Amino acid sequence: MSRETSDELDVSQLLAHFQEITGIEDQNRSLTILEEHGWNLEAAVQDTLNEKDGIRAVFHEPSPQSYPPSSSSQSPSPSPPPSSRPPSSSLQQSPAVRASQGLVVVRTWEWLLNLAFFPVRFLVTTAADVLHFVFHFVFGYQPSPARNPVGDVQQFVTGFEAEFGHAHPPFLTCSYSQALEQARQELRFLLVYLHSPGHQDTAEFCTKVLCNKEFMDFVSANCVMWAVGVNTEEGVRVSYVLRENTYPFLGLIVLKQSRMVVVERVEGLLPLRELVPRLAVAVRMNEAELVVERNERARRSVDQSIREEQDRAYQESLIADREKEKKRLEEQRREKERRGEEEEKRRKDEETASIRSHRASIIPSEPLPSDPDVIHVVIRVPSGERLERRFRGSDKLEGVYNFAHSCPGVSYDFTLMSNFPRKELCCMPDGGPLLSELGLGTKCALYIKDNSE
């Protein structure tokens with residue numbers, strides 16, 4: 001084999017080693033880089049890797065461009081100047097040998113760097129892990145709430161029925177929080193199933209356990225069931241709360257000491273003949289908690305009913321007392337008004353009696369029937385009673401008014417009227433006129449017109 005053919009083979013091997021180390025698939029670019037570094041594989045690889053890492057070149061590039069020997073051209077190509085050929089030291093070794101040596105040097109250098117920085121990297125990684133653990137332990141981590149938890153549950157139920165049929169325990173179609181609250185209010189066990197679609201045991205568990213009539217009868221008799229896929233937002237949140245290790249996962253939750261507590265965890269595929277008895281034992285062991293809570297609720301319900309009955313009786317008694325007080329106050333008001341009216345009536349009666357007595361005292365003396373100036377006056381009062389008295393013609397009309405006022409049953413405000421002629425007999429300021437001036441004759445009949453009506 002000629003020297004030129006051997007050089008061409010060495011260049012091909014050198015190019016292959018360079019592309020293998022640097023990962024550059026462009027052959028022309030690889031040849032250009034090798035030529036720029038005088039066919040020094042170590043320098044070309046190191047500068048290329050430094051360039052990828054953003055580090056400047058550490059090897060000096062030769063100013064003239066070197067060319068490897070070529071025999072593929074049909075026409076002779078001009079030989080490069082002697083100064084542009086590789087140094088004599090490079091000519092003494094083939095490119096393949098230099099490439100192998102460069103690769104060994106690079107790998108040895110990388111191994112030494114990794115060994116030197118291993119303690120530092122180990123300490124930094126360990127410290128970061130410890131800080132991460134402490135941060136989550138102290139401050140906790142809470143997945144963001146699901147945007148549509150009910151939609152996630154309905155999506156699981158729809159997918160489950162499409163894949164395994166409609167024969168399954170009744171799943172609650174609500175959020176996890178609502179399922180917990182329903183179980184709390186109804187004092188029932190809550191069985192939670194976390195569904196992992198990609199797990200290898202999921203299909204078998206759904207087919208042989210969840211869709212089995214014995215399991216469905218157990219769920220209907222002892223608890224309510226809620227399920228969701230762990231590939232949904234609600235599933236991720238519940239998975240974080242329950243912290244399961246593998247699938248399929250079942251968690252039995254019950255109210256204990258006023259908190260919803262997981263009392264049984266079933267992780268991994270378990271045959272139905274073992275699963276149902278295991279859940280039944282958990283139900284039996286924790287049923288006492290629900291019995292105590294039911295009795296406590298019943299006691300609280302009875303106490304509440306008693307308190308409500310007492311409150312109702314108290315309110316009714318309070319209303320009755322208020323009505324009594326209202327009636328008492330009303331009676332007091334009426335009594336006060338009655339007494340006031342009586343007092344006013346008594347006062348008026350006394351005043352009237354006083355006026356009557358005064359007017360009776362100033363009535364002129366009654367003349368004898370034989371007196372030639374006598375006038376016999378008959379007065380008819382509204383009650384039908386007749387008042388009779390004799391007056392002299394020289395007496396004033398005021399005397400007749402005073403006589404009428406002095407008689408009981410006559411109103412204080414009245415006017416004397418004559419029948420023939422029919423007219424009002426009114427007193428003047430001085431008490432007149434005289435009776436003789438009225439033309440009443442020796443005997444006259446008058447009647448009283450009550451002005452207070």
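Two strands count as paired here if DSSP finds at least two bridges between them; the views below come from a predicted model.

**View 1. An open sheet of 5 strands, with mixed pairing.** Reading across, the order is β6-β5-β9-β7-β8. β6 (386-392) and β8 (423-425) sit at the edges with a single partner strand each, so one side of each has no neighbour in the sheet. From one strand to the next, the twist averages 35 degrees.

**View 2. The β5–β6 hairpin.** Strand β5 (residues 374-380) and β6 run antiparallel, joined by 7 bridges. Look for V374 opposite R392 in β6. The hairpin has 5 residues between its strands, and G384 in the turn shows a positive phi of about 100 degrees.

**View 3. The two faces of β6.** In a regular strand, side chains alternate between the two faces of the sheet. Here L387, R389 and F391 point to one face and are buried, while R386, E388, R390 and R392 point to the other and aren't.

**View 4. β7 against β9.** Strand β7 (residues 414-418) pairs with strand β9 (residues 443-450) in the antiparallel sense, over 5 bridges. One spot to zoom in on: M417 has Y447 in β9 as its bridge partner.

**View 5. W226 and the largest nonpolar core.** This core has 53 residues, and L190, F215 and W226 have the most contacts inside it. Helix α11 (residues 272-361) chips in the largest share, 7 residues. Beyond its neighbours within four places in sequence, W226 is in contact with residues including V153, L172, Y176, L190, Y193 and V238. Another core, of 23 residues, lies apart from this one, with F391, V410, L438 and L446 among its members.

Note on methods. Residues are numbered from 1 along each chain as its sequence is written. This is a predicted model: local features need pLDDT of at least 70, side-chain atom pairs count only at pLDDT 80 or more; totals for chains, interfaces and linings use all residues. Side-chain values use heavy atoms; hydrogens and water are left out. A nonpolar core is a set of buried Ala, Val, Leu, Ile, Met, Phe, Trp, Tyr and Cys residues joined through side-chain atoms within 4.5 Å. Buried means under 20% relative accessible area, exposed over 50%, partly exposed in between (1.4 Å probe, protein chains only). Helices (H or I, at least four residues) and strands (E, at least two) are DSSP runs, numbered from the N terminus. Contact means heavy atoms within 4.5 Å. Axes are lines fitted to C-alpha atoms, for helices over the stretch in contact, and angles run from 0 to 180 degrees between N-to-C directions.
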